[in-house]
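User: I'm new to this one. Could you walk me through it with a few questions and answers?

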Amino acid sequence: MTTIKATCPGCGDVELASPQVRLVVCSVSAWSFYAFHCPTCTDEVRRHATDEVVRLLSTGGVTAEPWDVPAEALEERAGATISWDDVLDFTLALEDTDVLAAIAGAVPTTRHLA
Ligand SMILES: [Zn+2]
């Protein structure tokens, strides 16, 4: 089995086996990461996985987990963020759905004669 050498911020260099390393390869390469629990202090260490790191870990026997980011997460957003007041206003508006339903029911509908 391949020995993977990594560095824990608190303990320094550590040696891991491939099952001890989690490799997540994201559709947005800047979000790919690898993680492991340090065998000495048990802290989780998580770092960005560059394309080169992905290649090295994969060839070392680490199974890559694919992560496809939903398109909605990548959308550009404009305008102000919603506030708690906006959420409260929305909640109050939902309480008025009976009024909205009554208005919608009052709209004349077209009837087709057979
Ligand atoms: Zn450590």
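Analyst: Sure, here's a short tour of the metal site and the salt bridges, bearing in mind that this is a predicted model.

User: Which protein donors hold the zinc ion?

Analyst: Look for sulfur atoms sitting 2.3 to 2.4 Å from the zinc ion. Along the chain, the donors follow the spacing C-x2-C-x26-C-x2-C. They're the SG atoms of Cys8, Cys11, Cys38 and Cys41.

User: What arrangement do the 4 donor atoms make around the zinc ion?

Analyst: Check the angles: the 4 donor atoms subtend 106 to 115 degrees. For four donors to count as tetrahedral, all angles have to lie between 85 and 135 degrees. So the arrangement is tetrahedral.

User: How far apart along the chain are Arg22 and Glu65?

Analyst: These two form a salt bridge, with the closest N and O atoms 3.0 Å apart. The pair links distant parts of the chain: Arg22 belongs to strand E3 and Glu65 to strand E6, a separation of 43 residues.

User: Why are Arg55 and Glu52 about one helical turn apart?

Analyst: Their salt bridge has its closest N and O atoms 2.7 Å apart. Both sit in helix H1 (residues 51–59), and they're about one turn apart because the separation between them is 3 residues.

User: Is Arg46 buried, partly exposed or exposed?

Analyst: Arg46 meets Glu44 in a salt bridge at 3.5 Å, N to O. Buried would take under 20% relative accessible area, and exposed over 50%. Arg46 has 47%, so the answer is partly exposed.

Methods: Residues are numbered from 1 along each chain as its sequence is written. This is a predicted model: local features need pLDDT of at least 70, side-chain atom pairs count only at pLDDT 80 or more; totals for chains, interfaces and linings use all residues. Side-chain values use heavy atoms; hydrogens and water are left out. Donors are N, O and S atoms within 2.8 Å of the metal (3.2 Å for Na, K and Ca); water is not among the atoms, so sites may look incomplete. Four donors count as tetrahedral if all angles lie between 85 and 135 degrees; four count as square planar and six as octahedral if opposite donors are over 155 degrees apart and all others between 65 and 115; anything else is irregular. A salt bridge is a side-chain nitrogen of Lys or Arg within 4 Å of a carboxyl oxygen of Asp or Glu. Helices (H or I, at least four residues) and strands (E, at least two) are DSSP runs, numbered from the N terminus. Buried means under 20% relative accessible area, exposed over 50%, partly exposed in between (1.4 Å probe, protein chains only).
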